[in-house]
Amino acid sequence: SLLVKAETGPWFSIAAAALFAAGVILVHAYHELWRDEMHCWVLARNSHGFWDLLTGVRRYDGHPVLWYYLLYLVSRLSRSVVVLHGTTIVIAALSAYLWLRDVPLARVLRVSLLATYLFFFEYSVLSRSYTLGILFLFLFCRVYQRQRLRAPLLSILLVLLSLTSAYGALIAIVLGPVIYLQSLADIRQAKVEGRLQRRQVFDLVFGGAILGAGLLFAWITTYPPQDSHFSVPGMLRRARIWPTLPLRYWLASFPRCNPGNGSWMVTAAVGDDQAWLAPVLPEIAIALFLLWLVALRKAPLLALAYGLGALMMAGFQHLEYAGSIRHCGHYFVLLIACIWLSVKQPHLESPGRLLYTLLSMTLAVQVVATTAAVSAEVRLPFSGSLEAARFLRSHGLADAPLVGSFDHSVSAVTGYLDRPFRSAESYEKITSVVFSHRQWPMGAPLELPFDIAVIEARMAHTPAIVIQNAGIGPYSLPKATIEPLYVTQPAIVSNEQFWIYRVTPSNP
């Protein structure tokens, strides 16, 4: 029955997770990697190990080290991007199984979560560190038992979560105190009953030390250097408090997918295209947030954790990095974790009608968004990177000198080719653009790569290839012939349509 709340055996969870994995595999078969996915893969694939990733150019990305190190390990099996796809699928399937097997909610709700836009597409099809973070968060929820809190083990899982993304660290910060406050309550109860509680005290202190040290390590090794692109004043799109932050909270619950115009899968939320509703959406979003706090009231500590966590995420988006759907989606991720932990409370007979109503409504809207996203993924190229790489290979140009402009998207093409390109701005041979002033200057002219291509072609005694994500129009060089070769199809990631040119120097 779809209303069964507790699994007595593993078979339903295994079967449902297998079906989920099959669906994800199918969509991965149509998915072209875009620059953010490829950048992490290339950087990890070409690194020299953990220390290199910990202290090297990875720090310019502003992301913790764990995802990169995992990719480094699996890239030792093969340098093919198929390994990246496979790693994401396996992690997502494991997370799905943990959710299906452990959470005491109706099967229809558990299965519906797997089909939500955020869980299915953003965190299972797109190959980013957030997928790994969800696995550690779900492991935390699986290990958590109110009757027997294992603070050291739970703290280790929270540290691993914090090493996957900044949002993972924020979630760890708010869930850690839940363990320790509940442990303190258990110690006090044991003291009243005259039982020995030294082991509980040790676990509490040791677990707190693990989490504190882990969060400090994550912060020290993740915060980008001063010459990082992300440290430049004014470079980041800082979110306004009102109405932007409430609308981003609304987007995390009710995304609307409409990629037919060649834009990102989700750029809007339900209701923001309705003239009569859009002006009051910020107030509705605040009301939704308060309703969730009321719905979690039977587990007040978790309601507090969710409220503080959401406010911390909003503060991070306002002060540090506004981000996009995959970032604000962590409002939803934290909510799911708090619901999971609350329904596992032994004293809780029923989560309540309000929680079921809000959860059902949220899941239903996101399933609709998933349907639209998968349809678009199958019909349209997500990125032109694979198409451009295939063109170069099929025409015997993959080994020609390659020149790319400063834009990060060029590395999505060269990542498929597994070879470096000459950066037009820094004149360095690189495999992926690093977010530093030295390697990513802004405002460079579109003509610059062609001048560099002439130099490359003369050095190699063969025509050079220029890859750009913008057409240059009619342009000529007195010292070379510029031949437009190919333009990829318009892509869902609109600035990952590629123009390929061949530059042949004139005889000196």
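## Buried cysteines, no disulfides

A residue is called buried here when its relative accessible area is under 20%. By that yardstick C328 is buried, because its relative accessible area is 0%. Keep in mind that what you're looking at is a predicted model.

How many disulfides turn up in a search of the whole structure? The search comes back with zero. Take C328: the closest cysteine sulfur belongs to C257 and sits 14 Å away, so a bond is out of reach. C338 tells a similar story, since its closest cysteine sulfur, in C141, is 8.1 Å off and that is too far for a bond. C338 is also buried, with a relative accessible area of 0%.

## The six-stranded sheet

Now for the strands. Six of them make an open sheet, and reading across you get β5-β4-β3-β6-β8-β7, with mixed pairing. The edges belong to β5 (429–430) and β7 (480–487); each has a single partner strand, so one side of each has no neighbour in the sheet. For β7, seven bridges connect it to β8 (residues 499–505), and the two run antiparallel. In that pairing, T481 faces T504 in β8.

Is strand β6 (residues 464–468) enclosed or open? Five of its five residues are buried, so the rest of the structure largely encloses it. A464, V466 and Q468 point one way, I465 and I467 point the other way, and all are buried. Strand β3 (residues 402–404) pairs with β6 in the parallel sense through three bridges, and L402 stands opposite I465. With β8, β6 runs antiparallel over five bridges; there, A464 stands opposite V503.

## Helices, inside and out

Helix α12 (residues 244–253) is mostly covered, with eight of its 10 residues buried. Among them are R248, Y249 and W250. Over in helix α14 (residues 300–319) you'll find Q317, which is buried with a relative accessible area of 0%. The side chain of Q317 makes a polar contact with the side chain of Y167, at 3.3 Å.

For something on the surface, look at L216, W219, I220 and Y223: they form a nonpolar patch with about 450 Å² of accessible area together. L216 belongs to helix α11 (residues 198–222) and counts as partly exposed at 48% relative accessibility.

## Salt bridges

A search of the whole structure finds 15 salt bridges. One of them joins the side chains of D203 and R199, at 3.2 Å from N to O. Both residues lie in helix α11, four residues apart, or about one turn of the helix. Residues three or four places apart in an α-helix point the same way, because there are 3.6 residues a turn. The two partners differ in cover: D203 is buried at 13% relative accessible area, whereas R199 is exposed at 63%.

R256 has a salt bridge with D272, where the closest N and O atoms are 2.7 Å apart. R256 lies in strand β1 (residues 255–257) and D272 in the loop between β2 (266–269) and α13 (281–295), so this pair ties together parts 16 residues apart in sequence. R256 is partly exposed at 24% relative accessible area, and D272 is partly exposed too, at 34%. The side chain of R256 also meets that of D273 in a salt bridge, at 3.8 Å from N to O. That pair links distant parts of the chain, with R256 in β1 and D273 in the loop between β2 and α13, 17 residues apart. D273 is partly exposed, at 46% relative accessibility. Elsewhere, shared partners join E7, R107 and R110 into one salt-bridge network.

Note on methods. Residues are numbered from 1 along each chain as its sequence is written. This is a predicted model: local features need pLDDT of at least 70, side-chain atom pairs count only at pLDDT 80 or more; totals for chains, interfaces and linings use all residues. Side-chain values use heavy atoms; hydrogens and water are left out. Buried means under 20% relative accessible area, exposed over 50%, partly exposed in between (1.4 Å probe, protein chains only). A polar contact is a pair of N or O atoms within 3.5 Å; within protein, one must be able to donate a hydrogen and the other to accept it, and residues adjacent in sequence count only if both atoms are side-chain atoms. Patches are made of residues with over 30% relative accessible area and no salt bridge: like charges are joined within 9 Å, nonpolar side chains (Val, Leu, Ile, Met, Phe, Trp, Tyr) within 5 Å. Accessible areas come from the Shrake-Rupley method with a 1.4 Å probe; for residues, only the protein chains shown count as cover. A salt bridge is a side-chain nitrogen of Lys or Arg within 4 Å of a carboxyl oxygen of Asp or Glu. Two strands pair if DSSP finds at least two bridges between them. A disulfide is a pair of cysteine sulfur atoms within 2.5 Å.
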